[in-house]
Amino acid sequence: MNTSNTQGERRPTRTNEGVQRTPIMIVAGIAFLIFFALWIPLRQWIVSFFGEENEVPVGLASAAMWLLVFGLVLAAVMWSRTALAGWETRDLILTAVIGAVFGVIFSLWTGVYSAVGSFLGPWNDLVGGVWWLPGILVPYIIRKPGAALVAESLAAFVSFLAGSPYGFIGAVVPGIIQGLGIEVVFMLFAWKRYDLLVLILAGAAGATTGFVYLWPIYYLAYSTEALLITYAAYVIGVIVLASIVGKLLGDALLATGVLDRFAIGRERRQQQLSPEF
């Protein structure tokens with residue numbers, strides 16, 4: 001009798017978890033798509049309202065809009081108890097450490113980006129993929145909802161504190177938006193798949209959101225050809241330097257044993273124990 005009751009109590013829990021994931025996908029996905037579709041005309045309206053020469057109010061208004069998107073997604077994640085309840089202390093610590101380290105790297109990488117631009121020309125963003133790396137590496141290791149968004153946003157904020165020349169509007173806000181793009185892909189797979197194909201799709205999505213956000217700020221006067229080259233450089237750079245390098249780095253750390261207590265290590269042990277047919 002006791003065994004039967006216990007099993008009966010467990011079934012609703014699993015059902016509730018499935019239901020609680022639905023609000024995250026619906027609210028975050030719809031909010032993200034709506035604001036993203038409206039971003040370019042809204043940006044143009046903001047510029048026409050304040051004037052192109054008033055960079056501070058234009059930047060603050062743009063940041064406020066995207067922080068609203070961030071708040072909606074965060075509220076959706078917080079709404080579902082299954083999202084953050086799965087985070088362990090070690091996951092938080094690892095995310096904080098990687099975010100802080102890459103935040104400093106982000107700030108320093110601007111020098112590399114500028115130097116490489118002197119000979120890569122319009123393909124300069126091939127080396128920009130490093131700015132997406134924590135958004136791929138952290139979720140690949142801890143495999144929890146919100147990992148990409150938190151890691152990328154934290155790294156971007158630390159880079160701002162470390163003296164990034166792009167400031168809050170050019171460093172923190174793009175970091176949040178890039179993290180949102182990556183997170184949406186993991187969300188579409190219900191945070192269950194972290195193979196190379198999904199990492200590549202996540203990287204491409206993050207590159208796309210980052211590019212679209214910066215389009216009306218930096219690339220509005222670009223010709224169609226220049227826009228296509230820039231976008232291609234974004235996607236290729238992120239896929240190579242964030243998706244592929246992120247997986248290789250995660251696998252290298254896993255081989256040392258330091259990640260055995262994280263989700264990536266537990267999954268490897270399960271695969272080793274699973275019988276092969």
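**Salt bridges around the H5–H6 loop, and helix H9**

Arginine 143 and glutamate 267 form a salt bridge in which the closest N and O atoms are 2.7 Å apart. This pair links distant parts of the chain, since arginine 143 belongs to the loop between H5 and H6 whereas glutamate 267 sits in helix H10 (residues 263–273), 124 residues apart. The model discussed here is a predicted one. The two partners differ in their surroundings: arginine 143 counts as buried because its relative accessibility, 13%, falls under 20%, while glutamate 267, at 30%, counts as partly exposed.

The residue that follows in the chain has a salt bridge of its own, for lysine 144 pairs with aspartate 91, with the closest N and O atoms again 2.7 Å apart. Aspartate 91 lies in helix H4 and lysine 144 in the loop between helix H5 (133–142) and helix H6 (147–161), so that this pair ties together parts that are 53 residues apart in sequence. Here both ends are buried, aspartate 91 with a relative accessible area of 1% and lysine 144 with a relative accessibility of 11%.

Glycine 86 brings the two bridges into one view. Its position is in the loop between helix H3 (81–85) and helix H4 (89–120), and, leaving aside neighbours within four places in sequence, glycine 86 is in contact with Asp91 and Lys144, the two residues that form the salt bridge just described. Its C-alpha is 9.7 Å from that of arginine 143, although the two residues are 57 apart in sequence. With a relative accessibility of 30%, glycine 86 itself counts as partly exposed.

A further salt bridge joins the side chains of aspartate 260 and arginine 268, at 3.1 Å from N to O. Aspartate 260 is partly exposed at 27% relative accessibility, and arginine 268 is likewise partly exposed, with a relative accessible area of 27%. The count of salt bridges comes to six.

Helix H9 can be followed next. This helix has 33 residues and reaches 47 Å from its first C-alpha to its last, which is close to the 48 Å expected at 1.5 Å a residue, even though H9 bends by about 30° at valine 245. Within H9 (residues 224–256) is threonine 230, a buried residue with a relative accessible area of 3%; not counting residues up to four places away in sequence, threonine 230 touches Pro122, Asp125, Phe211, Tyr219 and Tyr222. Just after H9 comes glycine 257, which takes a positive phi of about 95°.

Terms used: Residues are numbered from 1 along each chain as its sequence is written. This is a predicted model: local features need pLDDT of at least 70, side-chain atom pairs count only at pLDDT 80 or more; totals for chains, interfaces and linings use all residues. Side-chain values use heavy atoms; hydrogens and water are left out. Helices (H or I, at least four residues) and strands (E, at least two) are DSSP runs, numbered from the N terminus. Buried means under 20% relative accessible area, exposed over 50%, partly exposed in between (1.4 Å probe, protein chains only). Contact means heavy atoms within 4.5 Å. The expected span of a helix is 1.5 Å times one less than its number of residues. The bend at a residue is the angle between axes fitted to the seven residues ending there and the seven starting there. A salt bridge is a side-chain nitrogen of Lys or Arg within 4 Å of a carboxyl oxygen of Asp or Glu.
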